[in-house]
Amino acid sequence: MLLIDCPHCGPRAQEEFGYDRTLDSLVRIEDAPDAAMAALYARANPRGEDDEIWRHTFGCRGWMVLRRDRVSHAILSVRPLGPEALP
Amino acid sequence: MTGPAARLTRPLVRFRFDGRAYEARAGDTLAAALLANGVTLVARSFKYHRPRGIMAAGVEEPSALVTVGTGGRREPNTRATDVIVYDGLEAFSQNAWPSLDLDLGAVNGWLARLIPAGFYYKTFFGPPRRWMIYERFIRKAAGLGAPPVEPDPDGFAHRAAFCDLLVVGAGPAGLAAALAAAEAGQRVMLVEQDARVGGALLRDPVTIDGMAGVPWAEAAAQRIRMAGGRVLLRATANGYWDGNLVTVVERLAEPGQAPGASRLAQRLWKVRCGRVLLATGAIERPLAFAGNDRPGVMLSQAVRGYVRRFGVVPGRRAVIATSHDDGYRTAFALAEAGAEVVAVLDGRATPEGDLVERARARFPVFAAARPIATRTSGHRLAGVTAEVAGRTQAFAADLLAMAGGQTPVVHLHKQAGGELDWDEVTQAFVPGPSRQGQRSLGAAAGRSVLAAILAEAWEAGGGAARDFAVEDPCGPAQPAAAAVIPARLPGKAFVDFQNDVTLDDIDLAWREGYRSVEHLKRYTTLGMATDQGKTSNMAALARLAQAQGVAIPQAGLTTFRPPYTPTTLGAFAGPAVGDHAGPVRRLRLHAAHEALGAIWLPSGYWFRPRAYPQPGETPGEASLREARMVRSRVGLVDVSTLATFEIAGPDAAALLERVCATTVGRLAVGRGRYTFMLREDGLVFDDGTVWRIAEERFLLTSSTGGADRMAQHLSYVRNVLAPDLRVSVVNLQEHHCAAALAGPRATAVLERLTGDAAPLHMHCHRTAIAGTAVLVLAASYSGERAFEVYAPGDRIAAVWAALLAAAQEAGGGAYGLDAMDHLRVEKGHVVVGAEVDGRGTPADLGLGGMVRKAGGFVGWQGLQRPVLADPAGRRHLVGVESLAGPLPEGAMLVGRAGDEPQGHVTTAAPRVAGEGWIGLALLRDGASRHGETLHAWSATRGLDVPVRIGPPLFYDPEGARYRD
């Protein structure tokens, strides 16, 4: 089970988190229909590293992006998402 | 003191096997106790029902599976070698009928030629009907123990732990490592699956630093505890997961045993570790020869363990078959205990060395010798036929000890993502590079010399480099050379003893074209039994490599999956059973509903009033009466569970525009509107109402069942899609409660209580009831004039009481969810979970006209997809009217019973206004099929009701009743 370093709470067990989607499948409201459907249904799904959106659902409820290696399961980085992450 | 003499000093314990009473000694495993009583026939094999005895002494035991315990504590398929006998233990043999001794299933052994490897796959060919017949026999004949029928009376706990160092295995390596770490001040956990510490020290009389092995081990464990370390016995590290998380199943009671004061049978530890040292030892390999599964044929180290640890001598005349020096140790152990060693069959052409020479002085030792067949008398071993330097020789013997090499236990190392290296000398996979914080020690790392193992383990634990003085009467152990599998063998030479897979089966699979080890495994079922091939996988791989003409590492390896040993399901479930399987959410007004005689309807984790039957009324009669009360007078219903969110801030409207597919941003203050939300693929997932309480403050309600999902969705949109909006979202579901007042007299009741004019339909205002500030939303779900009254949770009781009293005075009362359902069906209002099933577009549900044309909300892009934009061929919401009696909910809509379904009845209800049954349905192209007659057909319930399709609206089509 992954140990995820929540940007707000520190390292916590995976069971406190919910996986949402890969970053490349994020559909922005202003995206054109074709781009939106491609993001939903034609994802890159690389073998190896990818960015994933997770939420610390049973913790601070904050959103974050994990850079994760799907082969080794190593978490390379965690960065927060949301208003607090705005410049 | 070890051996048979020491045995008699341990207390007596009584147990039963297949109904017969026996005596054991405290500390015996069930296997040791059975052997001590001369019980050698313990089980019948899985496929051929061959008589089987005890082969091993540890968790790798493939043959001696028994059922232990009775009633809810019955534990099937328990290895007799992995149960510590307690007073009153009851064990039963499995897979035998009518008895273990006379098992009619053994006829399968004669039919072996008809049921070779993969025979059941072959039964798949031909007509399916034939398989249905085969299946009955296959399932009956192939068998393990039966699971318990009654619930388990005992508790299972989950516990989280953290440590700097987890050591798995309390043999010499594990103890040395854990001791070094504990005394260096680290937080240490040492887990051992056995009931005692010591590992190999329990079977080999060595001394360490001048102390006998077993006392050294016990003293080390004591010192670890005194240094603050935690030592768990009967605790199996059964899985190594990501992030250095190791799960450990600790047995607090033996299988079938009533637990002590804690009432816990097992505890599942989830241990998050800094480092993990795997001192999991090695498993001995059996040899392949005809009849190698007979009771009396055992693993050599197991024999030594029974003699030295338990004082049980499993045979009087023993043959040792070995491929390396370790087998000689067993010869000496048996001789010490008074058994006769009739032959040592050494597979090597020229065995040499001090130990071999000493053995030659005492026993007949044969070089280039191997067993080729066994002879039985009754159900146990009577003789061994060996090939000695090319000639055949027979020996009378009741025990054959096999030493075919060592397989390091690399399971956890592999589960942790580690790689394996191939060791040519021992013909074994040993741990290679690690991925996580794990390192293997001792026999698990392929090591054999104890002094070096201890020194390495001590340093691995964090101790300063030091030497250990080890004295071993048999001299330092040599690497265990593996036995060579002969090219051709007559008879049934078992490889996988538990699934009855022979060398011939592997050869057959090869001939039939199964080349990959993964295919071979599945076709022959090798390694797929409850022991997961602990004693068999290496032999099978060796055979496959032989056939392929490659080295074993090139033949491939199957995956090591958790759990390492079979784990009771209760350990996984832990305390989450029965009433604790899920939380119960009770309404604030639970007591008030109970006082009214409510019957309850589970709704997610909530319990909501279904109806309030009067004496003599059925629930159906009650809900129809309540619905008619609402239509004719007034009713009050608890709607506190609705998802409720307050959305506030300068950009509150902007956030709602993104979430809702309808126009909400231009809502005037004090007004509300029905709305619905789409997923990104364009399908409706929830609906509700949105209200503008103040310029920058909105209230959003949505379905009870979707409340958590909606909270997640709002958070996603707000934080991920629109982080720059100045808006806050607060979930009010548990802060506020609400009661809905509906009916032609609702306005009068509300106005009397508040003294204010009631808000117009889809308007809202603040007022007070029973001295409490409330928010009144005039929304109608029932089709009558209605008001939702929101109050703080801690004040709802007073508000409810006042509303109920006023409603009763006006000839009304409380109504439940069933009545609410009847009312909304008549009005054609959809509900999430029935009509909103995640497969419909707004247009499918008749809501297409409300969709905001400009887009800009989640899901607008999905709606553009041609498959959603074109209504043809889609399922549309329709009304159905029964032409004959009650309408079955969930029934298929068909032209004729048995035809292809064209849709289904999503909700059915009796008419409130009038007689008969109506319902809502989703029907292919339904919007253009009003007036058609179809059948609501339920094959499972044997119901077939003719129905007329129409618009999904049965009552007050103009909506005159809820407008003023």
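This note covers the contact between chains A and B, two small-strand-count sheets of chain B, and two annotated stretches of chain B.

1. **Status.** The model is predicted. Totals for chains and interfaces draw on all residues, while local features need pLDDT of at least 70.

2. **The A–B contact.** On the chain A side, 21 residues take part; they meet 23 residues of chain B. Helix α1 of chain A, residues 33–41, gives the most to the chain A side, with 4 residues. By class, that side has 14 nonpolar residues, 4 charged and 3 polar.

3. **Sheet β11-β10-β29 of chain B.** This is an open sheet of 3 strands, and its pairing is antiparallel. The edges are β11 (211–212) and β29 (470–471) of chain B, each of which pairs on one side only. Strand β10 of chain B spans residues 207–208 and is joined to β11(B) by 2 bridges. In one of these strands, β11(B), B:M211 is the bridge partner of B:I208.

4. **Sheet β32-β34-β33 of chain B.** Here too 3 strands form an open sheet, but the pairing is mixed. Strands β32 (585–586) and β33 (599–603) of chain B sit at the edges, each pairing on one side only. β33(B) pairs with β34 of chain B, residues 606–611, in the antiparallel sense over 5 bridges. Within that pairing, look at B:W600: its bridge partner in β34(B) is B:P609.

5. **Helices on that sheet.** Which helices pack against β33 and β34 of chain B? Helix α19 of chain B, residues 619–632, lies across both strands and runs at about 80 degrees to β34(B). Helix α24 of chain B, residues 817–827, packs on the sheet and touches β33 and β34 of chain B. The direction of α24 makes about 70 degrees with that of β34(B).

6. **Residues 589–853 of chain B.** The UniProt record, an unreviewed entry, annotates this stretch as "domain: GCVT N-terminal". In the model, helix and strand each account for 29% of it. The end C-alpha atoms are 42 Å apart.

7. **Residues 875–956 of chain B.** The unreviewed UniProt entry labels this stretch "domain: Aminomethyltransferase C-terminal". How much of the stretch is helix, and how much is strand? The model gives 0% helix and 50% strand. Its end C-alpha atoms lie 25 Å apart.

8. **Points to check on screen.** For the interface, start from helix α1 of chain A. For the mixed sheet, start from the bridge between B:W600 and B:P609. Then turn to helix α19 of chain B, which lies across β33 and β34 of chain B.

Conventions
Residues numbered from 1 in each chain as written. Chains lettered and ligands numbered in written order. Predicted model: local features only at pLDDT ≥ 70, side-chain atom pairs only at ≥ 80, totals over all residues. Contact = placed C-beta atoms within 7 Å. Nonpolar A, V, L, I, M, F, W, Y, C, P; charged D, E, K, R; others polar. Pairing = 2+ DSSP bridges. UniProt positions renumbered as here; feature names shortened; annotations may be inferred. Axes fitted to C-alpha atoms, helices over the stretch in contact; angles between N-to-C directions.
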